[in-house]
Amino acid sequence: MYISKLFFPILRENPTEAKIKSHQLMLRVGMVKQSSAGIYSWLPLGLKIMKKIENIVREEQNKIGAQELLMPTIQSAEIWKESGRYNDYGEEMLRITDRQKREMLYGPTNEELITEIFRSSIKSYKSLPQSLYHIQWKFRDELRPRFGVMRGREFLMKDAYTFDLTDKDAVNSYNKMYLAYLKTFKRMELAAIPMAADTGPIGGNLSHEFVILAETGESKIFADKRIFEIKTEDFNLDVDSLIKMRNDFDKYYAVTDDKYNKKDFEKKVLSSNQLVTKGIEVGHIFYFGDKYSKPLKANVDLQGGKKVSVKMGSYGIGISRLVGALIEAKFNNNIMKWPIEVSPYDIAILPMINKNDFTNLEKTEKIYKELTKNNIDVLVDDTEENLSAKIKKFNLIGIPNQIIIGQRKETDLLEYKEIDKKSQNLSIDKIIQKIKKEKNSI
Ligand code: ATP
Ligand code: MG
């Protein structure tokens, strides 16, 4: 792609209304545009990144056998009255009345709707377990929408729901999701810590938040550093392996401020292993047994004809929040570097362009073709800005690899640069090899 052909509205200065770096950067490079408080349009660059995140989430959900469906954004109030949450949810729920005076709402979450779908379709224990997810916009009328897409009112979430016959099976489904979450965040090159959490309005008795480290995070975290030494590759989807994984993580202290206890922390974690920092919640999983299946009568028939309520869990990942969270975690010293799997392009070509001399543009074109032929996604800055302006601009856009084409040189080697490192001279083949390897290593 040539930047001159793209809808790429970059601002010269940081927008003053943005308080944190992800919000500033997203407005600055034209990833999003606010349409009203906590509600954003996603412009092509921002959407491209969000779609890549969405796809990683989707692939990891599919790998554990979860099946994708799509529920609507607007729901009927009826099922929420059945579960008893219509009144409990309070002012965060955006309530709507249609022309027939029916009470509707913009879904803040989907436990009720999925339970309704389940109960009208699945009747026998033989059809269990089931694991379903969708990736859909949610609306929560947050009291203080802020920090851009990090705490929006409309936001994109992956929410999954599992249905099992017994507690034991249900905990196994929970553990599979737990592993899928670890793998999902790892592919985004994020250090995410699972932390025992309170269940809040979703309810239930087993819950973990997945929190990534970032100075600007809203939650304070207290953890044992050794938790980062556990390797997700060591676990698979066998029941025993999943139990071992949970035990390995549970061994280490890791909590957010609502569960923090100074005495406990100091007793359980040697001071040299203590990590006290801030973090951003990017995912949250819950096991809540029959909290919804009971009032909503989501039962299955057992062999003798007896009916039992299914055991359910729900599992969220904030996909739009992750775009901001990645910036918070990866934007350093005025350089943004997207992880290769999430990056909007694999490589950028920054040629110095001279009005009367087309040599560099021709050279660019050749390199562009060669890279594209190898399935490498390239962005070319074909504007007439000077090189240092281009480099500055690309430090914000965050494409991890660059080829810089400056003064004419008598060599076939190219000036290749990883965005946050020094340049080196490499042949086009070496560059192609390197990027392919990076993309495949994940
Ligand atoms: P928070 O504590 O941040 O308000 P929550 O606990 O209410 O979030 P959940 O119901 O657990 O949120 O939702 C699952 C995921 O959806 C969260 O882990 C988060 O990543 C994302 N999310 C929740 N609220 C928002 C929001 N207002 N804007 C963007 N993403 C959100
Ligand atoms: Mg939560």
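## Helices H1 and H9

In this predicted model, the axes of helix H1, which covers residues 21–28, and helix H9, which covers residues 319–330, approach within 8 Å and cross at roughly 110 degrees. The two helices are therefore roughly perpendicular to each other, and the crossing of H1 and H9 is right-handed. On the side of H1 the contact is made by Lys 21, Ser 22, Leu 25 and Met 26, while H9 contributes Val 323, Gly 324, Ile 327 and Glu 328. Sorted by class, the contact of H1 with H9 comprises 4 nonpolar, 2 polar and 2 charged residues.

Helix H1 also holds His 23. With a relative accessible area of 8%, His 23 is buried, because a residue counts as buried when that value is under 20%. When its neighbours within four places in sequence are left aside, His 23 is in contact with Ala 18, Tyr 40, Phe 147 and Gly 148.

## Strand S13 and its partners

Strand S13 runs from residue 274 to residue 289, and 12 of its 16 residues are buried, so this strand is largely enclosed by the rest of the structure. Strands of a sheet pair through backbone hydrogen bonds, in either the parallel or the antiparallel sense. For S13 and strand S10, residues 206–213, the arrangement is antiparallel, with 8 bridges joining the two; within this pairing, Phe 210 stands opposite Gly 283 of S13.

Strand S11, made up of residues 219–224, pairs with S13 over 6 bridges, in the antiparallel sense, and here Ala 223 stands opposite Leu 275 of S13. Strand S16, residues 311–318, is likewise paired with S13 in the antiparallel sense, over 6 bridges, and His 284 stands opposite Gly 316 in S16.

## Lys 225, in the loop after S11

Lys 225 lies in the loop between S11 and helix H7, the latter spanning residues 239–250. Its relative accessible area is 38%, and Lys 225 is therefore classed as partly exposed, since that class lies between the 20% limit for buried and the 50% limit for exposed residues.

Apart from neighbours within four places in sequence, Lys 225 is in contact with Ser 272, Asn 273, Gln 274 and Leu 275. Of these contacts, Leu 275 is also the residue of S13 that stands opposite Ala 223. As for a residue elsewhere in the chain, the C-alpha atoms of Lys 225 and Lys 123 are separated by 46 Å, the two residues being 102 residues apart along the chain.

## The open sheet S4-S6-S5

An open sheet is formed by 3 strands in the order S4-S6-S5, and the pairing within it is antiparallel. Strand S4, residues 74–76, and strand S5, residues 94–97, stand at the edges; each has a single partner strand, so one side of each is left without a neighbour in the sheet. From one strand to the next, the twist of this sheet averages 35 degrees.

The pairing of S5 with strand S6, residues 103–106, consists of 4 bridges, and these two strands run antiparallel. In this pairing, Arg 95 has Leu 105 of S6 as its bridge partner.

Conventions:
Residues numbered from 1 in each chain as written. Chains lettered and ligands numbered in written order. Predicted model: local features only at pLDDT ≥ 70, side-chain atom pairs only at ≥ 80, totals over all residues. Heavy atoms only, no water. Axes fitted to C-alpha atoms, helices over the stretch in contact; angles between N-to-C directions. Parallel < 35°, antiparallel > 145°, perpendicular 65-115°, else oblique. Left-handed = near helix turned anticlockwise from the far one by under 90°. Contact = heavy atoms within 4.5 Å. Nonpolar A, V, L, I, M, F, W, Y, C, P; charged D, E, K, R; others polar. Buried < 20%, exposed > 50% of the residue type's maximum accessible area, 1.4 Å probe, protein only. Pairing = 2+ DSSP bridges.
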